[in-house]
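Student: I should like a close look at a single part of this model, with its surroundings described in one connected account. Please choose a helix and follow it outward.

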Amino acid sequence: MSYPKVDIKYKQIFNHLPGKYLILDTDLHIVAASDSYLSATFTKRSEILNQYIFDVFPDNPAAPEARATEKLYESLKTVLTTRKAHDMDIQHYDIPKRVGDSSSFETRYWCPSNTPVLDEAGNVEYIIHSVDDVTEEVLTRKEIVRKDDHITVITQKQTEASEALGAMDKRLRLITDIIPALVAYIDKDHRYRFVNESYSRNFKISQEEILGKKVEDFLKPYLTQDISKNIEAVLKGQIQSFEIKIKLHKSTEQHLEVIYLPDISDEGKVIGFVSMIMDVTDKVKYYDELTKLTQEKEQLILQKDEFIEMASHELKTPLTTIKAYVELMLLDIEELDRNTLQNYLGKTNSYINQLHRLITGLFDVSTANTGRLPYNFSYFNLADAIETCCSNAMNISKKHKIDCQYTLKDKMYGDKERLEQVIESLLNNAIKYSPDRNDILLKAEEINDEVLITVKDRGIGIPDEELENIFKRFSRAHALSYHNSGLGLGLYLSREIVHRHRGKIWAESEIGKGSTFFVKLPAKPAVR
């Protein structure tokens, strides 16, 4: 079955392409520009055609460090010399506002690509200059990086290749085949009359196999939604712009932006339409990731605010108590007996020690964040460290019984004081969150070339959804924090110390039955 020849309006197709494109001759004069490019650069086609590109788009005098024209000129010369496409990195290239006599510029970041169009002899006849405006993404990333060093944002370089315009159908067809947009012409009977190479390549079907098929029948195996209403609307003369998802394979899903442009004859009748499709899968993924990073940043800011409020309270409590005891002693210093004075001083010293621990914890977190937490590695007897930690923990709570079990033959290599800090933090948590059960197990054993330390309590337990967060900075399990003091830094510091020893720390827990914390360390030297 044959079909009448259709007059493909390449110039119209080019002008309405969704991408931003310029066509340059070999003297770098502008010979064509897409509507999208004109809109993005505040220019008019009649004002820039046949103009030298750098006369139309000069450097911004206020941003000489960008070297915008110099870099673009180098890329264009590379294309002319090598006769090969040249993709540029993201460029800072500001655009004149062109309002009255104003010489001000508007900040712009672009992702440019320059592609040669060769004649039959293989010589460069035109250069297709395409750009993607990534200003919003770049400025958003810079703002996020400026506000929080811990959040990094993934940048995207979305390349939209080549555009074309020329006087001859052959050259225009060549340009249409080069661009990454999926371009097709569909007649009023819904049948394909033209598809470019990108269209057939995307669906992995030759152009010959697509031509003549109805668009609904061809796309049906891939579509997840109905497009019949959009086809009916464009054939009534209405421009259609919408997004669809297609599944090329079971595990591959594409997000596509679709534009349908009606082809209206001189008599005013719709004789078909141009379909232009852009793959925006990477763009969708980028924005999804950007949204996730923004949410993480907001969560971190919230955690910081909660931590500052909690730290203020924890620091104020011992200070208030110390002040009260000092005022009592100053009020009756001459009448206080020795026992009462010793009692006041002892309680004051206890609160001073509490305040010292809080400040030391804050300092350790600050130095750990910058990798400057000091360590003193040497061989030491872990059994002595365990006995010390048990003794200190039982002094904190007289009602709790700590069962120390260890079978350690050899000395291990590490920082004794820092590892004692880890064990004491785990014991203190076991005591704090076991108000109604007084038995706690501290166990250490050698397994091959590693040491496994276990701290087990029979306390209130930790919810499964909060287990993975308890070692994070500024985090405490909400179920544990209502009736207990502390800044929630002990487990975070413990994790940093264990990781510095190339070890591993984790926890297992069950609500109402208690928690078990594990620390696995290499017994031999393994210093980072």
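Tutor: The account below begins with one helix, H14, and then turns to the core, a strand and two loops.

The model is predicted, and what is said here should be read accordingly. Helix H14 runs over residues 382–396. It has 15 residues, and the distance from its first C-alpha to its last is 21 Å, close to the 21 Å expected at 1.5 Å a residue. At the N-terminal end, Asn-381 acts as the cap: a side-chain oxygen of Asn-381 lies 3.0 Å from the backbone nitrogen of Ala-383.

The residues of H14 that are buried are Leu-382, Ala-383, Ala-385, Ile-386, Cys-389, Cys-390 and Ala-393. Because these residues cover an arc of only 155 degrees around the axis, they fall on the same side of H14. Ala-383 thus appears twice in this picture, as a buried residue and as the partner of the cap from Asn-381. The cover over the buried residues of H14 includes strand S14 (378–380), strand S15 (401–407) and strand S16 (412–414), together with H15, S17 and S18.

From the helix one passes to the largest nonpolar core, which has 36 residues. Leu-382 of H14 is among the members that touch the most other members, along with Leu-427, Leu-442, Ile-453, Ile-470, Phe-517 and Val-519. At least two residues of this core come from each of H14, helix H15 (416–432), S17, S18, helix H18 (490–500), strand S19 (504–510) and strand S20 (514–522). H15 supplies the largest share, seven residues. Another core, of 27 residues, lies apart from this one and includes Phe-203, Phe-218, Leu-223 and Phe-242. As a general matter, nonpolar side chains in soluble globular proteins tend to be buried together.

S17 and S18, which help to cover H14, also frame a loop of interest. Asn-448 sits in the loop between strand S17 (439–447) and strand S18 (450–456). Although not a glycine, Asn-448 has a positive phi of about 55 degrees. Asn-448 is exposed, with a relative accessible area of 76%.

A positive phi is also found at Arg-83, about 60 degrees, and this residue is not a glycine either. Arg-83 belongs to the loop between helix H5 (68–82) and strand S3 (86–87). With a relative accessible area of 44%, Arg-83 is partly exposed.

Strand S1, residues 20–24, offers a further view of burial: five of its five residues are buried. Lys-20, Leu-22 and Leu-24 point one way from S1, and Tyr-21 and Ile-23 point the other way. S1 pairs with strand S8 (residues 124–133) in the antiparallel sense over five bridges, and Lys-20 stands opposite Val-131 in S8. S1 also pairs in the antiparallel sense with strand S2 (residues 30–33), over three bridges, where Leu-24 stands opposite Ile-30. Five residues separate the strands in the hairpin of S1 and S2, and there Leu-28 takes a positive phi near 65 degrees.

How values were computed:
Residues numbered from 1 in each chain as written. Predicted model: local features only at pLDDT ≥ 70, side-chain atom pairs only at ≥ 80, totals over all residues. Heavy atoms only, no water. Helix = DSSP H or I, 4+ residues; strand = E, 2+ residues; numbered from the N terminus. Buried < 20%, exposed > 50% of the residue type's maximum accessible area, 1.4 Å probe, protein only. Core = buried A, V, L, I, M, F, W, Y, C linked by side-chain atoms within 4.5 Å. Pairing = 2+ DSSP bridges. Expected span 1.5 Å × (residues − 1). Arc of directions from axis to C-beta. Contact = heavy atoms within 4.5 Å. Polar contact = N/O pair within 3.5 Å; in protein donor to acceptor, adjacent residues only side chain to side chain.
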